[in-house]
Amino acid sequence: MKEVFVLTSFSELGLGAALVTALAAGNITSPTKIQALAIPEILAGKDLLGQAPTGTGKTLAYLLPLFQRLDGELEQAITELDAKIAEC
């Protein structure tokens, strides 16, 4: 039986608009198979072991969720800082 795989967009995988925009600026507009399979799992906090040929985007598959998390933590820190400044 042949495997059917439908590529999706980076935003459908759960990545934020800032990352999707940055990827598009680098002419990266759709995820590879390894990215589409790995990104949602990593964003969900699951451990993952993936194997794919060289040049298929494995590095982005694990870095994009990391960037997403760091961006969220930065936004939270800024919000908390803004609240403390407003208290002064």
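## Lysine 46 and the loop between H2 and H3

Lysine 46 sits in the loop that joins H2 to H3. The model is a predicted one. With a relative accessible area of 48%, lysine 46 is partly exposed, because that class runs between the 20% and 50% cut-offs. Serine 30 is 16 residues away from lysine 46 along the chain, and the C-alpha atoms of the two are separated by 22 Å.

Glycine 45 comes just after H2 and takes a positive phi of about 85°.

## Overall architecture

The protein has 3 helices and 0 strands. Read from the N terminus, the order of elements is α-α-α. The radius of gyration is 16 Å, well over the 12 Å that the globule rule gives for 88 residues, so the protein is more spread out than a compact globule. The C-alpha trace spans about 65 × 30 × 20 Å along its principal axes.

Of contacts between residues at least 6 apart in sequence, 54% join residues that are at least 24 apart.

## Helix H3

Helix H3 covers residues 58–87, which makes 30 residues. What span should a helix of 30 residues have at 1.5 Å a residue? The expected value is 44 Å, and the end C-alpha atoms of H3 are 45 Å apart, which agrees.

The buried residues of H3 are Ala61, Leu64 and Pro65. Their cover includes helix H1, residues 17–25, and helix H2, residues 33–43.

## Helix H2

Which residues of H2 are buried? They are Ile34, Gln35, Ala36, Ala38 and Ile39. These buried residues of H2 pack against H3, and H2 in turn is among the elements that cover the buried residues of H3.

Alanine 36 belongs to helix H2. Its relative accessibility is 11%, so alanine 36 counts as buried, the cut-off for that class being under 20%. Glutamate 12 lies 24 residues from alanine 36 along the chain, with 9.3 Å between the two C-alpha atoms.

## The segment before H1 and the loop between H1 and H2

Serine 11 is part of the segment before H1. Is serine 11 buried, exposed or partly exposed? Its relative accessible area is 45%, and serine 11 is therefore partly exposed. The C-alpha atom of serine 11 is 9.9 Å from that of proline 31, a residue 20 positions away along the chain.

Asparagine 27 is located in the loop between H1 and H2. Although asparagine 27 is not a glycine, its phi is positive, at about 65°. Its relative accessibility is 67%, so asparagine 27 counts as exposed; the class requires over 50%.

## Burial, surface and charge

Buried residues account for 17% of the 88 residues in the protein. Among them are Ala36 and Ile39 in H2, and Leu64 and Pro65 in H3.

The protein exposes about 6600 Å², and 60% of this area is supplied by carbon and sulfur atoms. There are 6 positive and 10 negative charges, and the mean positions of the two sets are 13 Å apart.

Note on methods: Residues are numbered from 1 along each chain as its sequence is written. This is a predicted model: local features need pLDDT of at least 70, side-chain atom pairs count only at pLDDT 80 or more; totals for chains, interfaces and linings use all residues. Side-chain values use heavy atoms; hydrogens and water are left out. Helices (H or I, at least four residues) and strands (E, at least two) are DSSP runs, numbered from the N terminus. The radius of gyration is taken over C-alpha atoms; the globule rule is 2.2 Å times the number of residues to the power 0.38. Buried means under 20% relative accessible area, exposed over 50%, partly exposed in between (1.4 Å probe, protein chains only). Contact means heavy atoms within 4.5 Å. Accessible areas come from the Shrake-Rupley method with a 1.4 Å probe; for residues, only the protein chains shown count as cover. Lys and Arg count as positive and Asp and Glu as negative; His and the chain ends are not counted. The place of a charge is taken as NZ of Lys, CZ of Arg, CG of Asp or CD of Glu. The expected span of a helix is 1.5 Å times one less than its number of residues.
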